[in-house]
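New to this one? Here is a quick tour, topic by topic, to read alongside the picture.

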Amino acid sequence: MHYYSFHIGDYRSATTHLSNDEDLAYRRLLDMYYDTEKPIPLDTTWVARRIRIDPVVVSGVLQDMFEQREDGFYQPRCEQEINVYKGFSEAGKRGAAKRWSKGGDSPPIHPPITPPIATNNHKPRTNNQQPIDTPDGVSQSVWQEFVNHRKSKKAQVTQLVIDGIQKEADKAGFSLEDALKEVVVRNWQGFKAEWVLPKPTFGDMARVSVAPVQGRDPALLKLDEDRKHTGPPPPEIMAQIRNALKGKVT
């Protein structure tokens, strides 16, 4: 498949939680999936080099938006559209062979012109998806809220997804339960430490980038030294200044 239709609204609603880099990685992963008509390989370093994205970003997107199996990362909607495309292709071949053998002139069967883009907004297939138990340290009520929330976003709940959230929660100093609560309350699909950590202020960046000065500032020390060698003007100069102010310059 060398083309597919891009539905802006569906794509935006499925990827609002992604950063700019993650969004670019997801687009390129979809291109690779449709172009090769195969799942994304498990070697994320190799994949990252092919799509020219940082391996850490690629790994996070694959865990969030794809389903890992023994032979690669699957995207249910991509699989569905590729199977439809191949079905039309095979039907077209059979129809052509039949017409050639019978000498008919019936029109050929063409594949769909604009197969829709794969997004998590579409209902995924549930084959080979095993439910996972409530993780340790997470209450049943919070877990159920999280599961229902993911279902409302047409997103899977797999061990790989939970492991990814746990990793980001550790970075942010959150427990897994607190991270799952944040996902539900903020209407996120996933969880990233950078989304909850405080952003550095200008003052923070200045303290990091500017070396501290020990003691009095050198410029102020120079002014102090100049004052020591500076005295009042001579009397005759002061007299001229007073006369000038009175309009009697001598």
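A salt bridge here is a side-chain nitrogen of Lys or Arg within 4 Å of a carboxyl oxygen of Asp or Glu. R69 and E67 fit that rule, with their side chains meeting at 3.2 Å, N to O. Keep in mind that this is a predicted model.

**The overall layout**

- The chain has twelve helices and two strands.
- Going along the sequence, the order is α-α-α-α-β-β-α-α-α-α-α-α-α-α.
- How much of the chain is buried? Of its 250 residues, 33% count as buried.
- If you take the contacts between residues at least 6 apart in sequence, 67% of them join residues at least 24 apart.

**Salt bridges**

- By the rule above, the count comes to seven salt bridges.
- As general background, side chains of opposite charge can pair when their charged atoms come close.
- In the R69 and E67 pair, R69 is partly exposed, with a relative accessible area of 26%. E67 is buried, because its relative accessible area is 6% and the cut-off for buried is under 20%.
- Another of the salt bridges joins E22 and K192, whose closest N and O atoms are 3.2 Å apart. This pair links distant parts of the chain: E22 sits in helix 2 (residues 20–36), while K192 sits in the loop between helix 8 (176–185) and helix 9 (193–196), 170 residues apart. Both E22 and K192 are buried.
- R150 pairs with D64 in a salt bridge too, and here the closest N and O atoms are 3.8 Å apart. R150 belongs to helix 6 (residues 140–152) and D64 to helix 4, so the pair ties together parts that are 86 residues apart in sequence. Are R150 and D64 buried or exposed? Both R150 and D64 are buried.

**Where helix 3 meets helix 4**

- The axes of helix 3 (residues 44–51) and helix 4 (residues 55–65) come within 9 Å of each other and cross at roughly 110°. That crossing makes the two helices roughly perpendicular, because angles of 65 to 115 degrees count that way.
- Which residues make the contact? On the helix 3 side they are T44, V47, A48 and I51, and on the helix 4 side P55, V58 and L62.
- Sorted by type, the residues of this contact come out as six nonpolar, one polar and no charged.

**Helix 12 and what follows**

- Does the length of helix 12 add up? What span should its twelve residues, 235–246, have at 1.5 Å a residue? They should span 16 Å, and the end C-alpha atoms are 17 Å apart, which agrees.
- Just after helix 12 comes G247, with a positive phi of about 85°.

**Two backbone spots to look at**

- In general, most residues other than glycine have a negative phi.
- E37 has a positive phi, near 55°, and is not a glycine. You'll find E37 in the loop between helix 2 and helix 3. With a relative accessible area of 23%, E37 is partly exposed.
- K154 also has a positive phi in a residue other than glycine, near 60°. Look for K154 in the loop between helix 6 and helix 7 (159–172). K154 counts as partly exposed, at 35% relative accessibility.

Note on methods. Residues numbered from 1 in each chain as written. Predicted model: local features only at pLDDT ≥ 70, side-chain atom pairs only at ≥ 80, totals over all residues. Heavy atoms only, no water. Helix = DSSP H or I, 4+ residues; strand = E, 2+ residues; numbered from the N terminus. Expected span 1.5 Å × (residues − 1). Axes fitted to C-alpha atoms, helices over the stretch in contact; angles between N-to-C directions. Parallel < 35°, antiparallel > 145°, perpendicular 65-115°, else oblique. Contact = heavy atoms within 4.5 Å. Nonpolar A, V, L, I, M, F, W, Y, C, P; charged D, E, K, R; others polar. Buried < 20%, exposed > 50% of the residue type's maximum accessible area, 1.4 Å probe, protein only.
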